[in-house]
Amino acid sequence: MKNRLRPLLLSLLCLLCACTPAEQEFSVDYPVAFTFNTTLHPASLLARLPENSNAFVIVEAANQQGAWRLQLTSSGGETETLLLSTDRENNSVQALGANNSIIVGCLFAATGTDSPYLYVAYDRQCRYCLEHGTTRNVPLNFTPTALAVTCARCERTYHLSTGTSTDGHRLYTYHARYNPANGLLSVSNR
């Protein structure tokens, strides 16, 4: 009886130790629920993500008189402001992480699916500063190489292809999906 119980207990212990909250792939600490219809804004920076190799866009949202305004900044330095003018679009922005700002990117690589690219999304706030500070306003900004972001407060640099810093800290990461059939780009942590 003891010999059969030992492997079972060892397996359960491994399962319990396998994934701590810090090691979870997708963060649930701050709510994220965002859908963007690229067919309504075909020239926008978000719609053009697949056209640029390893491109990223900072998405900031502000609600003005019941309508969402998106401020988009590409890793290439372009900026764009979009007013979401329909009820359906306004209902598609519910939350954007720690401070209503996320980073969405499109990486070109073999993903094991039919798609040649992979969408990724991160919180724009520095995870280290959020966990060790008193404010939620610690935005990351693109470095000159545009494939990384840096925090002005702690000076950490996070590489956007992996979401990690050189000292091993990881950005809050969210689910990012693009459906070319209907043109919907969605980011969430549910």
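This section describes the fold of the protein chain and the setting of strand E13 in a predicted model.

The protein chain contains three helices and 13 strands. Of its 190 residues, 42% are buried. The area exposed by the chain amounts to about 10700 Å², of which carbon and sulfur atoms supply 53%. Among contacts in the chain with a separation of 6 or more, 53% are accounted for by residues 24 or more positions apart.

Strand E13 spans residues 184-188. Two pairings of this strand were examined, with strands E1 and E12. Strand E1, formed by residues 32-37, pairs with E13 in the antiparallel sense, and the pairing comprises five bridges. Within this arrangement, Thr-35 lies opposite Ser-186 of E13. Strand E12, formed by residues 173-179, also runs antiparallel to E13 and is joined to E13 by five bridges. Here His-175 has Ser-188 of E13 as its bridge partner.

E12 and E13 form a hairpin with four residues between the strands. In this hairpin, Gly-183 adopts a positive phi near 75°.

The burial of E13 was considered next. A residue is counted as buried when its relative accessible area is under 20%. Four of the five residues of E13 meet this criterion, and the strand is therefore largely enclosed by the rest of the structure.

Conventions:
Residues are numbered from 1 along each chain as its sequence is written. This is a predicted model: local features need pLDDT of at least 70, side-chain atom pairs count only at pLDDT 80 or more; totals for chains, interfaces and linings use all residues. Side-chain values use heavy atoms; hydrogens and water are left out. Buried means under 20% relative accessible area, exposed over 50%, partly exposed in between (1.4 Å probe, protein chains only). Two strands pair if DSSP finds at least two bridges between them. Contact means heavy atoms within 4.5 Å. Accessible areas come from the Shrake-Rupley method with a 1.4 Å probe; for residues, only the protein chains shown count as cover.
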